[in-house]
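The following exercises are to be worked through with the structure in view. Each task is followed by a solution in steps.

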Amino acid sequence: MKLKANDPCWCGSRDKHKRCHGDRSALARPAVALGNVSAPRSVPDEIARPSYVTTGIVPPPTPQIQDAESLIRLRRACAVAAEILLRTGGQVDVGVTTEELDRVAHDLHVELGAYPSDLGYRGFPKSICTSVNGVVCHGIPDDRPLEDGDIVNIDVTAFVDGMHGDTSATFHVGTPVTALAGLVDTTREATLRGIAAIRPFEPLQRIAEAIEPFAESRGYRVVREYGGHGIGETFHGAPHVSHHVDRHDDVVVVPGMTFTVEPMLCSGRARFHRARDGWTEHADDDRPCAQFEHTVLVTDTAAEILTTTHDGRTAAGTLHDLERAR
Ligand code: MF3
Ligand code: CO
Ligand code: CO
């Protein structure tokens, strides 16, 4: 199942994988050092905050199941998150700092009447996460200018009408590096394959079964320590959504459940460590990692992606995109 260096590359080029999308020198990117983080931005008092921002108490991870009324509110939060991700992603360019992306995203939250859920969550100091190259997740926006050929994941969670909508996508900076496009495109497709595998009254593990063998067949590794999560009134609810096959996972999904699917794929080993800022997770080998995320609803027949705009746009891909890719 796992792709070896001397196997033919998955892309159909007929080159050896190690001379094509698995070329370790083409995949290498500058290691990302921690930069300077500016002061937290403020949100007008009229915009309602999640309770943890004021109390400091994070609610326990309870299951998130929607009724007709709560679903209307969750749809709004998810549409806002999708809109902010698209518009912030549109600002990614050579020389732009992740702090500037944070400012753009923060101002869009305020403009759309949303509170940025990350801001003040367990002490997180910024309004979005920005994870560059070998940063696996939870990068804090700072003063590092993006460089040509970098990849950056932007993760947006918007709190609207008492609900959280959570979505992320990985963007190329300047001219995409072909080997990194393999990682990014595979991670997007893995996310969508995972979502497409969801069926009511079937195991949650259908997601991992769709993601992990697919990722490994292309020579990438799936992060095991982080997963998706129930989402709705609670930011990080139950269940934990594993993206790797785990025979101890016995969760069965039911209609009305809402959770995220957000696999992280690594071009090197999927081992990482937390930086001294207490958040940034760096791949031990500094090899680039990518991630995509959607908030989804389990329906009577399958799953629906909620994190799209009112007119169906998203930076993280649609099930229609998946049909075209397969
Ligand atoms: N949005 C992230 C997720 O997908 C969580 C970020 S929490 C933060 O679950 F505190 F790091 F911002
Ligand atoms: Co997220
Ligand atoms: Co999430």
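## Exercise 1: A residue in a loop

Val-245 is located in the loop between β8 (237-241) and β9 (258-261); helices (H or I, at least four residues) and strands (E, at least two) are DSSP runs, numbered from the N terminus. The model is predicted: local features need pLDDT of at least 70, side-chain atom pairs count only at pLDDT 80 or more, and totals for chains, interfaces and linings use all residues. Residues are numbered from 1 along each chain as its sequence is written, chains are lettered from A and ligands numbered from 1 in the order in which they are written, and side-chain values use heavy atoms, with hydrogens and water left out.

Task. Determine which residues Val-245 touches, not counting residues up to four places away in sequence.

Solution.

Step 1. Contact means heavy atoms within 4.5 Å.

Step 2. With sequence neighbours up to four places away not counted, Val-245 touches Gln-205, Ala-208, Glu-209 and Glu-212.

Step 3. The relative accessibility of Val-245 is 40%, so this residue counts as partly exposed (buried means under 20% relative accessible area, exposed over 50%, partly exposed in between, with a 1.4 Å probe and protein chains only).

Step 4. Between the C-alpha atoms of Val-245 and Val-177 the separation is 30 Å, and the two residues are 68 residues apart along the chain.

## Exercise 2: The first metal site

Task. State which protein donors the cobalt ion (ligand 2) has, and explain why the arrangement is irregular.

Solution.

Step 1. Donors are N, O and S atoms within 2.8 Å of the metal (3.2 Å for Na, K and Ca); water is not among the atoms, so sites may look incomplete.

Step 2. For the cobalt ion (ligand 2), the protein donors are Asp-155 (OD), Asp-155 (OD), Asp-166 (OD) and Glu-293 (OE), at 2.1 to 2.4 Å from the ion.

Step 3. Four donors count as tetrahedral if all angles lie between 85 and 135 degrees; four count as square planar and six as octahedral if opposite donors are over 155 degrees apart and all others between 65 and 115; anything else is irregular.

Step 4. Around the cobalt ion (ligand 2), the 6 donor atoms subtend angles of 58 to 166°, and the arrangement is therefore irregular.

Step 5. Along the chain the donors of the cobalt ion (ligand 2) have the spacing D-x10-D-x126-E. Asp-155 in strand β4 (residues 151-160) and Glu-293 in the loop between β13 (289-291) and β14 (294-298) are 138 residues apart, and the pair links distant parts of the chain.

Step 6. Asp-155 is buried, with a relative accessible area of 11%, and Glu-293 is buried at 0% relative accessibility.

## Exercise 3: The second metal site

Task. State which residue bridges the cobalt ion (ligand 3) and the cobalt ion (ligand 2).

Solution.

Step 1. Asp-166 (OD), His-229 (NE2), Glu-262 (OE) and Glu-293 (OE) are the protein donors of the cobalt ion (ligand 3), lying 2.0 to 2.3 Å from the ion.

Step 2. Asp-166 bridges the two cobalt ions, ligand 3 and ligand 2, which lie 3.3 Å apart.

Step 3. The site of the cobalt ion (ligand 3) is irregular, with angles of 51 to 162° among its 6 donor atoms.

Step 4. The donor residues of the cobalt ion (ligand 3) have the sequence spacing D-x62-H-x32-E-x30-E. His-229 lies in strand β7 (residues 228-230) and Glu-293 in the loop between β13 and β14, so the pair ties together parts that are 64 residues apart in sequence.

Step 5. His-229 counts as buried at 6% relative accessibility.

## Exercise 4: Two helices

Task. Determine at what angle, roughly, the axes of helix α5 and helix α6 cross.

Solution.

Step 1. Axes are lines fitted to C-alpha atoms, for helices over the stretch in contact, and angles run from 0 to 180 degrees between N-to-C directions.

Step 2. The axes of helix α5 (residues 178-196) and helix α6 (residues 206-217) cross at roughly 155° and come within 8 Å. This makes α5 roughly antiparallel to α6 (angles under 35 degrees count as roughly parallel, over 145 as roughly antiparallel, 65 to 115 as roughly perpendicular and the rest as oblique).

Step 3. On the side of α5 the contact is made by Thr-186, Glu-189, Ala-190, Arg-193 and Gly-194, and on the side of α6 by Ile-207, Ala-210, Ile-211 and Phe-214.

Step 4. Thr-187 is also found in helix α5 and is buried at 0% relative accessibility.
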